[in-house]
Amino acid sequence: MTVIQNDKNELTPTRTVTGWRVCMDYRKLNNATCKDHFPMPFIDQMLDRLTGRSLYCFLNGYSVYNQINIALEDQEKTTFTCPYGTFAFCRMPFGLCNAPATFQRCMMSIFSDMVEDFLEVFMDDFPVVGDSFEHFLDNLRQVLK
């Protein structure tokens, strides 16, 4: 934050631009998209499965959402223009109507043998539980592996 003097001799705080933030309007694409109704977990049911466990660890999959590849033939649908040219996403951007369902399906597929046993998956949040310290560490090792 920098304070500068404007043309009326008033001091005004300003932020220097250090990068670009991209925001796309995918309403037209989302309207033309066949909807994926993969079920999101109910948070109350997920929390019920966690109750009674003595040890918890909550992992956050920061930025894993942006690791889902978009099929090469579908990348043109995400094309956008800016002052530096025309670009298309090769990884799943925010704003696509099926993005949350696609991501949840991917995470459930990866962790299918652990879910509802000692791991829960809610988008990019992964609570890991155990009944003893050794059991908890074994569960955590499996998740991180």
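## A pair within helix α4

In this predicted model, D138 and R141 both sit in helix α4 (residues 133–144), and because they are three residues apart, about one helical turn separates them. The two side chains form a salt bridge, with the closest N and O atoms 3.0 Å apart. As for their surroundings, D138 counts as partly exposed because its relative accessibility is 39%, while R141 reaches 52% and so counts as exposed.

## A network around R49

Let's turn to a set of residues that share partners. Salt bridges join R49, E116 and E120 into one network. Within that network, E120 pairs with R49, and their closest N and O atoms lie 2.9 Å apart. This pair links distant parts of the chain: R49 belongs to helix α2 (residues 43–50), E120 belongs to the loop between α3 (99–110) and β6 (125–130), and the two positions lie 71 residues apart in numbering.

The two partners are worth viewing one at a time. E120 has a relative accessible area of 4%, so it is buried. R49, with 30%, is partly exposed.

## Another bridge, and the total

How many salt bridges does the structure hold? There are seven of them. One more that you can pick out in the viewer joins the side chains of R27 and D25, at 2.7 Å from N to O. Both R27 and D25 are exposed. As a general reminder, side chains of opposite charge can pair when their charged atoms come close.

## T78, a loop residue

Is T78 buried or exposed? T78 counts as buried, because its relative accessibility is 2%, under the 20% cut-off. You will find T78 in the loop between β3 (55–60) and β4 (80–82).

The side chain of T78 reaches the backbone oxygen of Q75 at 2.8 Å. Leaving aside residues up to four places away in sequence, T78 touches Y26, I70, F87, A88 and F89.

## A nonpolar patch on the surface

F87, a residue that T78 touches, also appears in a surface feature. Together with W20 and Y84, F87 forms a nonpolar patch, and the three have about 420 Å² of accessible area together.

Where does W20 lie? W20 is in the loop between β2 (11–14) and α1 (27–32). Its relative accessibility is 62%, which means that W20 counts as exposed.

Technical notes
Residues are numbered from 1 along each chain as its sequence is written. This is a predicted model: local features need pLDDT of at least 70, side-chain atom pairs count only at pLDDT 80 or more; totals for chains, interfaces and linings use all residues. Side-chain values use heavy atoms; hydrogens and water are left out. Patches are made of residues with over 30% relative accessible area and no salt bridge: like charges are joined within 9 Å, nonpolar side chains (Val, Leu, Ile, Met, Phe, Trp, Tyr) within 5 Å. Accessible areas come from the Shrake-Rupley method with a 1.4 Å probe; for residues, only the protein chains shown count as cover. A salt bridge is a side-chain nitrogen of Lys or Arg within 4 Å of a carboxyl oxygen of Asp or Glu. Helices (H or I, at least four residues) and strands (E, at least two) are DSSP runs, numbered from the N terminus. Buried means under 20% relative accessible area, exposed over 50%, partly exposed in between (1.4 Å probe, protein chains only). A polar contact is a pair of N or O atoms within 3.5 Å; within protein, one must be able to donate a hydrogen and the other to accept it, and residues adjacent in sequence count only if both atoms are side-chain atoms. Contact means heavy atoms within 4.5 Å.
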